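Colleague: I would be grateful for a close look at one part of this model, namely how two of its helices pack and how the neighbouring sheet is arranged.

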Amino acid sequence: MTGSILIVDDDPVQRRLLEAAVTRFGHTAVVAEGGEAGLKALDGPGARPVSVMILDLAMPDIDGIGVLKAMRERDIRVPVIVQTAQGGIETVVLAMRHGAFDFVVKPASPDRLQTAIANALKVEAVEGEVKRGARRGGGTLTFKDMITQSPAMDRVIRLGQKAAASNIPILIEGESGVGKELVARAIQGAGERRSKAFVTVNCGAIPDNLVESILFGHEKGSFTGATDKHTGKFVEAHGGTLFLDEIGDLPLDVQVKLLRAVQEGEVDPVGARATVRVDIRLISATHRDLLQRVKDGAFREDLFYRLNVYPIHVPPLRERRDDIPYLVRHFMERVGAADPHRHIDGITGETLAMLAAYDWPGNIRQLENAVYRASVLAERPVLTPEEFPQIRAQVEGVVELDAAAGPRQAWAEPAGAAEGGEEDEGALEREPSPVAAQRFGTLLALDERGNVRSLAAVELEMIKFAIDRYNGQMSEVARRLGIGRSTLYRKLKEYGIDPEAGRVERLAS
């Protein structure tokens, strides 16, 4: 399997070495002399299709972490292999948290580099097939199609269902990757415009000089390069729904025109002599604090209040961990449907517990990518912690910088696995093995009947474990649990945990 490999490195010697190696492997090499040039190669005016990126972490303009952050904000889904010097454990973990697919240690051996590229191409190919399958099987999406069993999402669904019955502007807030577009599509699918167009615009991915033209359209010859008339996204969405993702990234001058479009229901195409009436349902989304951007002068206050008529906050995945087993199964099934020759029949209990313990800074999008990677590269029909080396390394706090073998460690075989290699049909319902429990942290994902335990059922155990683990340092406990200190102390009171005395006791029922 061959592809186009983007090499991003400010060191000309390293670029030439990597280019020669990539070409020798049979791939097409594209080189960029730094982080900014790498981002332009991905989504600039002269962008080329890229299958895999090899990214240096230490660069003067935009470093590797900055590139990964920008890619996530712009929803650029390209597998990234990061390069690091010996001993950069914390930096490698940070890169993995921001979505890096794999890493190699400088100077990388040819075999290690070739393996990393081959694995990345396999995952990229399966993800592409999954997306094509999703488009072929597309249709109206409703709230019933959302994969969730979490109480934290109940409010989102209730608000979304009420919003679907009206035509008021909606602002969906939440971190990158939480599923804001999914909520927007469900709102449209539950409303009167369900059979009409749903047009998506990622405002953060459009060059500033093209935003106005893309949103509102332009006439032929209205500016250099305008060889044809363009209707614009507002007109394209006429009668349906326009979803403006990352609305907080719109330039101030475009915000003025957007305000008029929302107020008056008409747009001014660039170079046109007359306005164009449009009838749209406007749904906006952002991962930024728009009110803070208003205070900073980066977002118009009048536009903010026009868009923020009906806000919906989508919680991050770390606040709805009980959704993780259902999402994992869903993503595994999608990989199986895209590649019938790949037989992944289940996932071990200790693996689910490990995934549930991770904080998922990239949220559902990161979980999806991790499951795709594990499913594609798995050598056995059951997913184990071995297939999630980066997640395991971060949860355990250990990363092995092994240039030859990559970040993989030995792990006990799943409990009950047959010596003859038979497939384990009950892998999803199996309890963690004692070895995994001791190494991983004592929490069980499943109850005695093999069902996934609710968040409330495991919350007390997690808090007790965290207090013991971090010697009663409550700031650290709250940070590791992914909650605020006030929330932690409220839960301590509910469960009768006395942090001052350093002991745990149940409240009398």
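Modeller: The account below takes the helix pair and then the sheet. The model is a predicted one. Helix 2, residues 35-43, packs with helix 3, residues 64-73, at an angle of about 25°, and their axes lie 9 Å apart. Angles under 35 degrees count as roughly parallel, and helix 2 and helix 3 are therefore roughly parallel to each other. The crossing in which helix 2 passes helix 3 is right-handed. On the side of helix 2 the contact is made by G35, L39 and L42, and on the side of helix 3 by V67, A70 and M71. Of the residues in this contact of helix 2 with helix 3, 5 are nonpolar and 1 is polar, with no charged residue.

The sheet is open and is formed by 5 strands in the order 2-1-3-4-5, with parallel pairing. Its edges are strand 2 (28-32) and strand 5 (102-105), each of which pairs on one side only. From one strand to the next the twist averages 20°. Strand 1, residues 4-8, pairs with strand 2 in the parallel sense over 5 bridges, and I5 stands opposite A29 in strand 2.

Helices also pack on this sheet. Helix 1 (residues 12-24) touches strand 1, strand 2, strand 3 (52-56) and strand 4 (80-84), and the direction of helix 1 makes about 165° with that of strand 2. Helix 3 packs on the sheet as well, touching strand 3 and strand 4, with its direction at about 145° to that of strand 3. Helix 3 thus appears in both parts of this description, in contact with helix 2 and with the sheet.

How values were computed: Residues numbered from 1 in each chain as written. Predicted model: local features only at pLDDT ≥ 70, side-chain atom pairs only at ≥ 80, totals over all residues. Heavy atoms only, no water. Axes fitted to C-alpha atoms, helices over the stretch in contact; angles between N-to-C directions. Helix = DSSP H or I, 4+ residues; strand = E, 2+ residues; numbered from the N terminus. Parallel < 35°, antiparallel > 145°, perpendicular 65-115°, else oblique. Left-handed = near helix turned anticlockwise from the far one by under 90°. Contact = heavy atoms within 4.5 Å. Nonpolar A, V, L, I, M, F, W, Y, C, P; charged D, E, K, R; others polar. Pairing = 2+ DSSP bridges.
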